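Student: I should like a close look at a single part of this model, followed outwards into its surroundings. Please treat the charged side chains with particular care.

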Amino acid sequence: MTRRRALGIGGALGLMAATGLTSAAALARRPSITGAQLRSDLPLPLPFQVPLPVPAVLKPVGTSGGADRYEIIQREASVEILPGVTTPMWTYDGSFPGPTIESRRGRPVTVSHRNELPVPTVVHLHGGRTPAASDGYPTDLLLPAARQEHSTHMEHGSEHMGHGSEHGMHDPRAVVSELTRDYTFPLDQRPALLWYHDHRMDFTAPAIWRGLAGLHIVRDDAEDALGLPAGPRELPLMIADRAFAADGGLAYPALDPTLRVRPGVREPYLAGVLGDVILVNGAPWPVHEVDAARYRLRILNASNARHYELEAVTDDGRRLDLVQIGADQGLLAAPVVHTLLPIAPAERYDVVVDFSGVPIGGLVRVVNRLGSGRTRDVMAFRVARRAADDSRIPRALSADLPAWRRSDAVRVRDFAFRAGQMDAGHGWLIGGLPFDPARTDVTTRLGDVEVWRLVADVHLHLVGFRVLSRSGRPPLPHDAGLKDTVSLRPGEAVEIITRFDGYRGRYLFHCHNAEHEDMGMMANLEIV
């Protein structure tokens with residue numbers, strides 16, 4: 001099989017076929033099962049020693065015409081993640097996570113990205129109701145400043161950058177930009193925690209791992225008036241796992257460490273890459289001093305493949321309530337109380353934790369019930385002082401959640417996400433087909449309501465959805481609200497309902513285990 005043919009059937013999947021890797025066992029696992037865990041090759045800090053950083057809020061470079069304009073430079077930078085150790089990373093504006101963008105509902109935002117990295121990039125605003133031209137389709141590449149050197153390297157490898165694909169996957173609709181690209185986000189959507197990350201064809205997983213991820217918060221007046229914890233008592237928490245090489249660099253099992261030509265990971269990691277260091281906002285197992293008061297924790301699982309079951313535990317073993325007030329796509333109708341909160345890659349949960357009952361000096365550990373050893377700890381809060389607290393959690397949070405009913409659906413679709421035979425090898429298939437950017441897998445009309453039945457973790461671009469059932473039973477408590485990413489346990493099936501509104505054009509739905517995504521676990525959605 002020629003290299004072009006191998007890559008033409010789905011990036012790393014084709015490579016597995018061409019190189020004869022026996023990956024069927026790994027690929028046949030359910031998406032919530034992951035690969036081997038990487039082990040760091042240098043001493044790791046003790047937990048709860050490093051202060052929790054809070055990502056800086058980016059200032060607009062312009063605010064005229066009822067819109068805000070931002071500029072971000074994608075560049076290599078040395079970042080101190082482990083104390084006293086510098087780690088080379090790919091960053092948005094030199095930091096990990098990248099700077100946070102805060103915006104208002106209905107006020108458009110344009111973000112101009114300049115690519116000074118050694119590879120092409122694509123920016124996707126995850127959770128954004130975004131026109132297709134700015135949604136970050138994987139072949140809509142932003143070529144780097146080092147384009148000429150990169151292009152020569154690609155041609156030497158018998159591939160070409162034409163059609164928006166680095167690997168010969170023909171995409172006649174790809175839009176390729178050089179050095180800078182403007183992404184415009186109307187933000188005509190509910191207030192929510194979104195995040196932006198790289199979405200390049202076949203290389204999303206290693207690009208996120210190297211640092212290309214940041215937060216975007218949408219606010220509105222109605223949410224501001226609720227009296228929820230705010231200011232220093234509202235904390236964004238981007239949770240991600242990583243592993244470190246002996247020289248302080250990030251360890252990742254890429255087949256091509258340059259991330260230029262050959263996509264994919266080594267066979268033990270095909271089912272998803274796990275690290276042995278848990279980072280929150282780019283710090284290992286951090287600690288944060290808090291008042292004895294309520295705090296709003298806006299949690300994102302930005303890990304490539306790791307699932308978490310989070311709980312907050314006091315020194316005496318008592319579990320604090322995690323009062324969920326929001327999901328991926330914003331506020332719930334009413335609060336839902338958890339003591340254990342499962343969260344899959346790319347999911348977001350908005351929770352309030354009340355530290356007022358914790359003794360001064362007490363430590364509240366956030367732990368992952370799915371972890372073991374060092375990966376069981378996530379972070380901690382140390383209650384430092386008594387303080388006044390006029391925040392509240394209203395019984396009614398929002399009244400604008402869609403009320404779609406099964407009877408509203410104009411069609412029901414079934415999707416099978418599974419391993420399957422692809423020419424000479426195995427790979428991920430959706431509906432029995434490998435991903436092809438030139439093929440439309442699903443066509444729907446603008447405004448149509450549909451029910452989808454799924455058997456794998458899925459992220460749906462453009463629109464939010466509600467979970468109708470799990471394996472024929474009612475949704476679980478953490479399924480409340482409007483979501484854009486759904487997590488399934490092994491053997492589960494889920495029904496979701498959504499309305500395809502907003503914009504016409506080409507969008508994606510895919511697994512958000514990032515390694516699976518790079519291995520072709522994606523499909524095209526055309527809204528007409």
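Which residue has its backbone nitrogen 2.8 Å from a polar atom of the side chain of Asp 140?

Tutor: The residue is Val 175: its backbone nitrogen lies 2.8 Å from a polar atom of the Asp 140 side chain. The model is a predicted one, and the distances that follow are computed from it. Asp 140 itself is located in the loop that runs between strand 5 (123-126) and strand 6 (142-143).

The acid is buried but takes part in no salt bridge. The nearest side chain of opposite charge is that of Arg 181, at 4.2 Å. A salt bridge requires a nitrogen of Lys or Arg within 4 Å of a carboxyl oxygen, so the pair is not counted as one. Arg 181 is nevertheless among the residues in contact with Asp 140. If neighbours within four places in sequence are left aside, the other contacts of Asp 140 are Thr 121, Val 122, Arg 173, Ala 174 and Val 175.

One of these contacts, Arg 173, leads further into the structure. Arg 173 forms a salt bridge with Glu 526, and the closest N and O atoms are 2.9 Å apart. Since Arg 173 belongs to the loop between helix 4 (147-156) and strand 7 (177-178), while Glu 526 belongs to strand 34 (residues 522-527), the pair ties together parts that are 353 residues apart in sequence. The two partners fall into separate accessibility classes. Arg 173 is partly exposed, with a relative accessible area of 42%, whereas Glu 526, at 13%, counts as buried.

The structure holds 42 salt bridges, and other examples occur around strand 24. Arg 411 pairs with Asp 448, with closest N and O atoms 3.0 Å apart. Arg 411 lies in strand 24 and Asp 448 in the loop between strand 27 (442-444) and strand 28 (449-454), so this pair links parts that are 37 residues apart in sequence. Arg 411 is partly exposed, at 25% relative accessible area, and Asp 448 is buried, at 7%. A further salt bridge joins the side chains of Glu 450 and Arg 413, at 2.6 Å from N to O. Here Glu 450 is in strand 28 and Arg 413 in strand 24, so parts 37 residues apart in sequence are again tied together. Both Glu 450 and Arg 413 are buried. Elsewhere, salt bridges with shared partners unite Glu 102, Arg 219, Glu 223, Glu 234, Arg 296, Arg 298 and Asp 350 in one network.

Strands 24 and 28 also belong to an open sheet. This sheet has 4 strands in the order 24-28-32-30, and its pairing is mixed. Its edges are strand 24 (411-414) and strand 30 (466-470), each of which pairs on one side only. On average, neighbouring strands of the sheet are turned by 20° against each other, direction ignored. At one end, strand 30 pairs with strand 32 (residues 494-499) in the antiparallel sense over 4 bridges, and Val 467 has Ile 496 of strand 32 as its bridge partner. In the loop between strand 23 (377-385) and strand 24 sits Arg 405, which is exposed, with a relative accessible area of 53%. The C-alpha atoms of Arg 405 and Thr 498 are 9.5 Å apart in space, although the two residues are 93 positions apart in sequence.

Strand 16 (residues 308-313) offers another view of strand pairing. Of its 6 residues, 5 are buried, so the strand is largely enclosed by the rest of the structure. Strand 16 runs antiparallel to strand 20 (residues 341-343), to which 3 bridges join it; there Leu 310 stands opposite Leu 341. Strand 16 also pairs in the antiparallel sense with strand 22 (residues 363-368) over 4 bridges, where Val 367 is the bridge partner of Glu 311. With strand 17 (residues 319-320), strand 16 has an antiparallel pairing over 2 bridges, in which Val 313 is matched with Arg 319. Strands 16 and 17 form a hairpin with 5 residues between them, and Gly 317 in the turn has a positive phi of about 85°.

Conventions. Residues numbered from 1 in each chain as written. Predicted model: local features only at pLDDT ≥ 70, side-chain atom pairs only at ≥ 80, totals over all residues. Heavy atoms only, no water. Buried < 20%, exposed > 50% of the residue type's maximum accessible area, 1.4 Å probe, protein only. Pairing = 2+ DSSP bridges. Lys, Arg positive; Asp, Glu negative; His and termini not counted. Polar contact = N/O pair within 3.5 Å; in protein donor to acceptor, adjacent residues only side chain to side chain. Contact = heavy atoms within 4.5 Å. Axes fitted to C-alpha atoms, helices over the stretch in contact; angles between N-to-C directions.
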